[in-house]
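Reader: Hi! I am new to reading protein models, and I would like some help with this one. Could we go through it together?

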Amino acid sequence: MDKKYGVYICKGCGIGDALDIEALSAVADEEGLPVKTHEFLCGKDGVAVIQKDVDDGINTLVIAACSRRVNTDVFRFPGCIVDRVNLREQVVWSHPRSEFPALTEDQKDDGVHFDRVQMLAEDYLKMGMARVAKVDLPEPYKVETLSKKILVIGGGITGMAAALDAAEAGYEVTIVEKEAQLGGHATEWRKQLPLSDPYERPIAPVVAERIKAVEAHPNIVVKTETVVARIAGEPGEFIVTLKKPGEKIEFDVPFPLPDEMKVDENGKELDAEALHKKYMEYNKGKKDILTLDPNGEMFGAVILAAGWRPYAPAEGELDHLGYGKLPDVVTNVQFEQMAKSGKITRPSDGREAKTVVFVQSPGAGDDSDFAYTGAVTSMVALKQAGYVREDYADGKAYVFYQHMRTPGLSENFYKSMQQDPGIFLSKGEVVGVSKNGSGLVVEADNTLFGDKIKVGADLVVLATGMVPVTKDDPVINLAYRQGPGFRDNALFDDYADSNFICFPYETQRTGIYAAGGVRRAMTVEESIEDAAGAALKAIQCLESVNRGVSVHPRSGDMTFPDFFFQRCTQCKRCTEECPFGALDDDERGTPKPNPTRCRRCGTCMGACPERIIGFADYNIDSIGSMVKAIGVPSEDDYEEPPLRILGLVCENDAYPALDMVGLNRMSFSAEVRFIPVRCLGSVNVIWIKDALSQGMDGVFLLGCKHGDDYQCHFIKGSELADIRMKKIGDALQSLALENERVAQFQVAIDDYDKLPQIINDFVAMVEDLGPNPFKGF
Amino acid sequence: MTQDKAAPASQSIMVVGGGISGLTSALEAAEVGYEVFLVEKNPYLGGRVSQLNQYFPKLCPPTCGLEINFRRIKDNPNIKVMTMTEVVKVDGQPGDYEATVKVMPRYVNENCTCCGECAKVCETEISNEFNFGMDTSKGAYLPFEMAFPARYVISPQIIGTEDAKRCKEACKYDAVDLEMTEKTITLKVGAVIWATGWEPYDASRIDNLGFGLYPNIITNMMMERLAAPSGPTKGKILRPSDDKEPTSIAFVQCAGSRDENHLPYCSYICCMASLKQATYVRERYPDAKIYIFYIDLRAPGYRYERFYKKIKEDENVFFIKGKVAEVSEDTETRNVTVTAEDAVSGEKIHQTVDMVVLATGMQPTAAGMSLPAGLKMNADGFFINDFEKGGVFAAGCANKPADVVSSNQNATGMALKAIQTLVRR
């Protein structure tokens with residue numbers, strides 16, 4: 001693109017009152033860029049001024065006005081590169097003239113005084129001009145052959161619902177189910193929990209009709225006794241190898257080398273080729289991930305609905321409840337199977353079980369439910385109590401719970417089951433189950449029936465949990481260099497869950513969406529709903545790939561990382577650090593990008609020591625040029641030159657928070673220059689080194705909270721940045737600079753009230769350190 | 001009944017309600033490629049969650065996710081946002097509806113730059129409903145700091161006054177339009193999602209819990225605003241009677257919920273909300289005593305159970321299983337005594353505290369309104385989905401009480417149900 005520049009400066013919202021617009025215009029003028037000013041640039045007339053220039057061939061615009069977070073639609077000019085210079089929120093609103101006075105005539109050019117606010121505005125304008133010179137309009141990435149078929153892993157209630165929902169929207173779906181029939185656990189139930197209002201009574205299982213619907217649907221192919229050997233490729237063109245359960249084939253997914261195998265006997269890290277050799281030995285009999293299965297089937301997106309398995313208590317774990325020792329103490333899943341096969345009887349002797357005690361919590365001094373449970377296990381206990389009453393007119397069911405967990409409208413179910421005179425519900429801590437003649441006796445404390453009570457029982461049922469199958473096995477078997485499963489499931493007790501409350505379908509693997517019991521302990525109703533959501537996300541991913549744009553959170557972003565491979569040193573950092581496993585390196589360690597796996601955070605760009613990764617509109621050079629555009633006054637300019645500090649800020653949270661500082665007319669040091677970044681993970685240390693070696697006095701990063709409850713939208717970005725900043729110390733010492741000159745702060749979007757202090761404290765600290773000795777060189 | 005198969009299928013979806021569920025449905029459908037009209041009665045999007053200080057169990061600010069969602073809207077021309085708009089009528093059948101909507105005057109047009117000059121000159125203070133009346137705002141106001149659209153509103157209360165004229169004169173951008181009137185617009189859509197959300201149950205209707213009688217009894221939603229940096233106290237939790245920092249706080253669970261006289265169902269979120277609010281108190285007041293009176297602590301699942309466990313470790317948080325029967329006030333100190341019966345021991349418990357938070361529940365916004373939803377409603381005002389018929393769906397808390405995660409799951413799924421309606425045609 002042959003760039004034709006135009007600079008537009010708005011004088012509205014106090015900008016014109018606070019700044020010397022003529023002097024500001026001169027900054028653009030000096031660069032030879034045509035500049036126009038307007039009283040009200042976002043108004044119809046103002047926009048018309050820009051539009052006329054665009055019509056006349058201007059295609060690279062620097063709009064110096066308000067924050068890019070506002071008037072986004074107003075200042076959108078298709079086909080043009082646009083930079084929004086934030087003069088309003090981050091210059092004039094947050095640096096009022098009352099605190100940062102303009103110069104008097106005498107003070108101008110006296111070599112002592114300077115106008116901090118004007119300098120700030122001029123720097124930002126220069127930075128915007130520098131950026132547009134270095135960025136290009138993105139062109140979408142298109143996969144070679146797009147498949148719009150969806151693979152559903154698991155043919156239980158969730159998988160079938162997801163398949164039906166996607167099929168009903170017109171997409172072709174294949175379900176793979178490891179068992180010989182569809183239906184999963186639901187085929188083993190006598191009754192199920194209600195699916196709709198009034199949510200009062202258990203209903204006949206819907207699984208049989210669902211199986212029929214799936215089998216009859218023209219858009220759905222069912223493959224039973226089938227599992228996924230590997231999923232290679234990327235969204236839009238996943239190459240999937242399927243196999244029979246238990247089979248060993250060459251396209252079984254290889255596993256990454258354990259860390260201890262990545263070093264030689266002296267603890268030194270192996271080089272790329274030695275690593276690859278070892279990896280192939282470790283995965284003997286399996287093809288490398290980059291070898292595509294010529295017989296593989298192509299899919300565009302995957303829904304993981306592999307479900308759960310019953311919790312298997314460890315030996316001795318539930319001794320106090322008699323589990324494993326007394327045959328008439330069973331789990332809820334075992335009880336359900338018994339109830340499904342006929343009247344409820346005792347496993348020990350086959351006699352009628354007329355009095356059954358349901359235990360909701362393992363007790364032992366704690367009021368937690370069993371592991372891997374949820375509201376569903378409370379509801380199942382109530383449902384199963386109903387079975388006792390169905391089978392025996394004189395049957396009695398006791399349910400001991402610490403907390404009856406029937407949230408929302410499932411309260412109706414609780415209330416309705418309470419009505420049954422043969423069902424006794426009580427808070428209580430079950431302290432022991434023991435044998436008493438041919439029956440059992442359950443001891444419970446602090447019940448509603450008394451402080452310490454004993455209840456005779458024929459059978460005791462423990463409300464044990466639903467373990468996600470991803471605890472045992474990756475299931476999705478991704479042929480990704482980072483490994484075959486989702487990462488960090490340990491944070492979620494091994495569920496394949498999302499970390500984000502707002503975005504429940506976020507996974508660390510683009511194009512693969514989990515639903516149902518693999519994500520959380522859920523009822524049938526919740527699983528069916530969840531399946532619809534996952535199906536939508538799978539479809540949305542396909543359509544985004546089709547348009548060549550990113551999915552959430554940078555939905556619609558057309559850029560993708562571009563690599564200049566000639567300079568790659570095969571250090572593998574990008575492959576290892578990508579939060580989404582988008583890169584697979586080959587046997588020499590050269591990364592192979594998979595753009596549709598990518599979420600465009602730029603973590604690879606931040607990781608690359610050779611600086612060979614960049615995006616069309618966001619790259620090492622574009623940000624580096626902005627840094628270099630910042631004026632660093634020295635003693636040659638002023639007696640006591642002001643400090644210059646660079647702030648690299650997360651554009652999702654810290655940048656809006658800075659805008660809020662302005663909106664609230666709070667103020668902070670005018671010595672700081674902010675550059676928004678896609679994610680702190682994308683911050684390359686070269687920018688920091690550049691800033692310091694050009695004489696800037698300090699650099700800080702503002703980004704999201706990390707740790708277990710991380711708020712980083714790109715999972716690891718702020719955490720990685722933190723690690724990199726800690727490592728930068730050595731480089732600083734070689735420049736004879738103090739470590740404290742580089743810092744990172746964790747801020748949430750609503751921390752704007754704390755930001756001025758964070759910024760000012762840092763500036764004061766740098767002031768104490770004194771100016772950067774490189775200043776002026 | 002015969003259907004006119006030749007009728008042109010509309011490829012648009014109307015989402016009613018711009019809270020977290022409606023935003024989710026709208027965005028998820030739009031990012032598949034469908035045109036969406038997002039209709040919201042307030043002057044801003046974000047609904048109930050925009051009033052929350054933090055989400056449980058991550059303790060992260062809702063504005064973070066809202067910011068992303070607003071950015072998704074700004075970047076997506078498929079979504080047409082209509083604020084201050086209510087649906088009057090919906091006619092038609094699945095795939096082919098005609099919706100009539102009424103747009104209320106904002107008295108501020110798209111010229112507004114959000115500079116705030118109108119608010120500066122406005123003298124009238126009006127009750128700030130965003131903060132549940134705990135403070136006032138100017139008659140010309142920005143609903144809240146991160147409001148989207150970022151545009152001021154002129155309250156109808158000042159229309160016709162000198163104040164309104166002052167606002168108009170103060171605006172350099174001709175953004176104040178006092179002549180603005182209500183408008184009616186017709187939208188052609190193929191499917192409709194009702195995401196009308198919930199209202200906090202009116203605590204003053206719970207006679208025995210003293211809300212409205214005693215100033216130091218507040219609701220959980222008021223607590224969210226007190227704890228929010230953008231709230232009436234800028235994030236300080238102070239008791240209303242004297243702005244004192246409380247040294248003891250009682251949370252009264254099921255204030256209205258699980259009660260046949262009020263809300264017979266469980267409101268899903270209040271247990272977790274109170275546990276979360278205990279962390280607000282603890283963060284500010286390391287020694288404050290916190291008493292939580294409950295029937296059952298509904299913290300199911302690995303995440304919530306883990307959160308609950310963490311709160312239990314705090315030795316100044318006391319859990320009392322018992323429903324609060326009454327409250328009384330010491331007229332001098334304005335302290336409140338909460339009386340409950342321990343459900344297990346039967347013992348009467350009296351606890352005097354500086355401040356009481358009622359964990360009031362959620363009532364569907366649609367309850368008691370006659371919305372043209374084309375869906376059946378249960379006795380409590382929740383819409384019942386009819387997937388056989390399709391075309392019109394309820395999402396989020398308009399359908400049933402739920403937390404944010406479940407609402408968003410549900411809302412994402414409903415976007416697909418709406419799309420299916422369009423595809424089928």
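Author: Gladly! Let us begin with a pair of helices in chain B, keeping in mind that this is a predicted model. Where helix 5 of chain B crosses helix 6 of chain B, the crossing is left-handed.

Reader: How are helix 5 and helix 6 of chain B oriented to each other: roughly parallel or roughly antiparallel?

Author: Two packed helices are described by the angle between their axes and the distance between the axes. Here, helix 5 (residues 220-227) of chain B packs against helix 6 (residues 270-284) of chain B with their axes 11 Å apart and an angle of about 30°. Angles under 35 degrees count as roughly parallel. Helix 5 of chain B and helix 6 of chain B are therefore roughly parallel to each other.

Reader: Which residues meet there, and how many of them are nonpolar, polar and charged?

Author: Helix 5 of chain B brings B:Asn220, B:Met223 and B:Ala227. They meet B:Cys270, B:Ala273, B:Ser274, B:Gln277 and B:Tyr280 in helix 6 of chain B. Sorted by class, this contact between helix 5 and helix 6 of chain B has five nonpolar, three polar and no charged residues.

Reader: Now for the two chains together. Which helix of chain A gives the largest share of the side that touches chain B?

Author: The contact takes 69 residues from chain A and 61 residues from chain B. On the side of chain A, the elements that give two or more residues are helix 6 (157-168), helix 11 (411-418), helix 12 (524-547) and helix 16 (654-663). By class, that side has 29 nonpolar, 22 polar and 18 charged residues. The largest share, 11 residues, comes from helix 12 of chain A.

Reader: Which peptide bond is cis in the loop between helix 12 and strand 23 of chain A?

Author: Look for a proline in that loop, which runs between helix 12 and strand 23 (562-563) of chain A: A:Pro553 lies there. With omega near 0°, the cis bond is the one from A:His552 to A:Pro553.

Reader: And which peptide bond is cis in the loop between strand 2 and helix 2 of chain B?

Author: B:Pro57 has its place in the loop between strand 2 (35-39) and helix 2 (62-74) of chain B. Omega is near -5° for the cis bond, which goes from B:Phe56 to B:Pro57.

Reader: I see that A:Glu225 has a positive phi although it is not a glycine. Why does A:Glu225 count as buried, exposed or partly exposed?

Author: A:Glu225, with phi about 45°, lies in the loop between strand 7 (220-224) and strand 8 (227-234) of chain A. A residue is buried with 20 or more other C-beta atoms within 10 Å, and exposed with 12 or fewer. A:Glu225 has 14 C-beta neighbours inside 10 Å, so it counts as partly exposed.

Reader: What about A:Asn446: where is it found, and is it buried or partly exposed?

Author: A:Asn446 is found in strand 18 (residues 439-447) of chain A. Its phi is positive too, near 50°, and A:Asn446 is a residue other than glycine. Because 18 other C-beta atoms lie within 10 Å, A:Asn446 is partly exposed.

Reader: Last one! How far apart do the C-alpha centres of domain 2 and domain 3 of chain B lie?

Author: The domain assignment places domain 2 of chain B at 117-170 and domain 3 at 202-361. Six residues of domain 2 are in contact with six residues of domain 3. The C-alpha centres of domain 2 and domain 3 of chain B lie apart by 32 Å.

Definitions and conventions
Residues numbered from 1 in each chain as written. Chains lettered and ligands numbered in written order. Predicted model: local features only at pLDDT ≥ 70, side-chain atom pairs only at ≥ 80, totals over all residues. Axes fitted to C-alpha atoms, helices over the stretch in contact; angles between N-to-C directions. Helix = DSSP H or I, 4+ residues; strand = E, 2+ residues; numbered from the N terminus. Parallel < 35°, antiparallel > 145°, perpendicular 65-115°, else oblique. Left-handed = near helix turned anticlockwise from the far one by under 90°. Contact = placed C-beta atoms within 7 Å. Nonpolar A, V, L, I, M, F, W, Y, C, P; charged D, E, K, R; others polar. Domains from an automatic or database assignment.
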